[in-house]
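Dear colleague,

Please find below the sequence and the structure that I promised to pass on to you. My notes on what was found follow directly after, grouped by topic so that you can read them beside the model.

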Amino acid sequence: KNADEYNKPHLLDGAWPGHDNVNFETLVQPSEIDLMLQRRLPEIEEGHECDDILLYMPNQLQNVDDDVNVDGVAGQLNSYLMAAMLATYTSKAMVVLESKEDLVPGGSQFGCPSNPFSEAGKSSSSGRFSVKEDIPKGLSRLIQHSEWLSRGCSVPCQNNHDYEKWSNVRKKNGKSKFVQHTTCRNDSGWESRVLVVDGADVQRLFENNFKGKMLHRPSPTAYNWALRLGAKKYEAQTFADLEDEEDIWDFVSALLARSDVLRFQSWIAKDARNFIRLSQLPMQVDYDAFHVRRDGSIPGYEEEAGVQVIPFQEYLKTWERHDCSDKARIIYIASDDPGQIKEEISKYPLGDAGNLILPGVDECHGLRFYLREDSTSTEFMKKGSTSDCSIQYRRTISSVADLIILSKSSTFIIGEFGSGFGRLVRTFRAALNDFPGREEEGPVLVRDTRVVWGKPHPGPPGM
């Protein structure tokens, strides 16, 4: 893929014709995924792949004593990425442990999809739905856990450690400021050294124990970490030589983005595709996207600007282009209050072709905006049950659809990096710079991302 194709992606990857759903399983285009990664990973002595394990227990409920937000789709996915970073840095297999019980209605914080559920069978607390026994619970209902992370390992010591016991170990170890491992013996007789964590744990461990080590240079650990993230040897050396903090985090983002670390389940991809189609956003042209928050005041912004939220006009000024065109520019807007955004847009005049003209911003351009409806009000979202479980699933699909659209836009405008949603999108807009003629732009290219206010860099991936 050349630089122009990277900078102007489409929702449907031209390199993967006839595979529509695959385009909606990831936050990058399928052709950007490194299909040779598993063959290139450092070899581990046969029989010892599962000696050292990071056992990740996704949060199904926000713990009242957690000071880290792990709720919502973006919060859950960021914590999963952080767990993957810690596992690869410490050379551990990453295994996911979900509860076999329904800790929330329907067995997952992401709700109840219609197709994988049936009227008959084992009953659950998900309204009128009954969950098929082979449908995963928890985070596993949303994403497929990467085999290259797990090394094919299963949950350790199942003969003497069930979910409750591992949960108790996690709570006990979580009180320590230090990294606490537990050693247990498997049925085979082999021992496993286990670091058991949830989403809030990995965030705290990163800040308190690993962030400084990951940034330390010179360090042979950096070279080996990059290899475990799938880097080629020359890429790993480039990473080990980096000293600037932002460059280091961007390089990690680029390795994660191409590694296929986040892949949505097939039913999530299918429903996200259908939801995007309802917005009528063209799927085979490049487009731009805004992430506009209206869910409360932004710390520091009101003191500086005198208003609680960033005015829509400021997003347009940040987007403004100077290469005039007679074609309307397509802009998708993801917002927690699309009705309010529509009201703000309605104040702009229309041109002869029915496209918006923006006086004082870029009058040589016409713009055509696309917005989603509220996640429970569209025709698609009203299908099926109105139980809490199905409504939560519809919100999940709405969030996933926005993540896909924003990540694959040509230009991404974000008000500020105060939300995990925008930081997650930024992670998957990074790519290693292997493009001829662009060597002077540094080791990592980040697809055009502009911030209206605040710090221009989001910090480490997974936060």
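R426 and D250 are both buried, and these two residues form a salt bridge in which the closest N and O atoms are 3.0 Å apart. The pair links distant parts of the chain, since R426 belongs to helix α15 (residues 420-427) and D250 to helix α9, with their positions 176 residues apart in the numbering. Please keep in mind throughout that this is a predicted model.

As for the protein overall, there are 15 helices and 16 strands, and 55% of the 463 residues count as buried. Of the contacts with a separation of 6 or more, 74% are made by residues 24 or more positions apart. The protein exposes about 20,900 Å², and carbon and sulfur atoms supply 47% of that area.

Salt bridges

Side chains of opposite charge can pair when their charged atoms come close. The count of salt bridges comes to 21, and a few of them deserve a closer description. One joins the side chains of D52 and R193, at 3.3 Å from N to O; this pair, too, links distant parts of the chain, with D52 in strand β1 (residues 52-56) and R193 in strand β7 (residues 191-197), 141 residues apart. D52 is buried because its relative accessible area of 17% is under the 20% cut-off, whereas R193, at 37% relative accessibility, counts as partly exposed.

R450 and D448 also meet through their side chains in a salt bridge, at 2.7 Å from N to O. Here R450 is partly exposed, with a relative accessible area of 22%, and D448 is likewise partly exposed, with a value of 28%. In addition, D34, R40, E235 and R258 are linked in a network of salt bridges.

Surface charge and helix α2

On the surface, D244, E245, E246 and D247 gather in a patch of negative charge. Of these residues, D247 has its place in helix α9 (residues 245-258), and its relative accessible area of 31% makes D247 partly exposed.

Helix α2 (residues 37-40) contains Q38, which counts as partly exposed at 48% relative accessibility. Leaving aside its neighbours within four places in sequence, Q38 is in contact with E147 and W148. Q38 and L149 are 111 residues apart in sequence, yet their C-alpha atoms are 9.5 Å apart in space.

Backbone points to look at

Most residues other than glycine have a negative phi, and most peptide bonds are trans. Against that background, which peptide bond is cis, with omega near -5°? It is the bond from R217 to P218, and P218 has its place in the loop between α6 (199-215) and α7 (220-228).

C157 has a positive phi of about 55° although it is not a glycine, and C157 is found in the loop between α4 (147-150) and α5 (163-173). With a relative accessible area of 1%, C157 is buried. D260 likewise has a positive phi, near 70°, and is a residue other than glycine; D260 lies in the loop between α9 and β8 (263-264). At 21% relative accessibility, D260 counts as partly exposed.

With best regards

Note on methods: Residues numbered from 1 in each chain as written. Predicted model: local features only at pLDDT ≥ 70, side-chain atom pairs only at ≥ 80, totals over all residues. Heavy atoms only, no water. Patch = residues over 30% accessible without salt bridge, like charges linked within 9 Å, V, L, I, M, F, W, Y side chains within 5 Å. Areas by Shrake-Rupley, 256 points an atom, 1.4 Å probe, with all protein chains shown as cover. Salt bridge = Lys/Arg side-chain N within 4 Å of Asp/Glu carboxyl O. Lys, Arg positive; Asp, Glu negative; His and termini not counted. Charge placed at Lys NZ, Arg CZ, Asp CG, Glu CD. Helix = DSSP H or I, 4+ residues; strand = E, 2+ residues; numbered from the N terminus. Buried < 20%, exposed > 50% of the residue type's maximum accessible area, 1.4 Å probe, protein only. Contact = heavy atoms within 4.5 Å.
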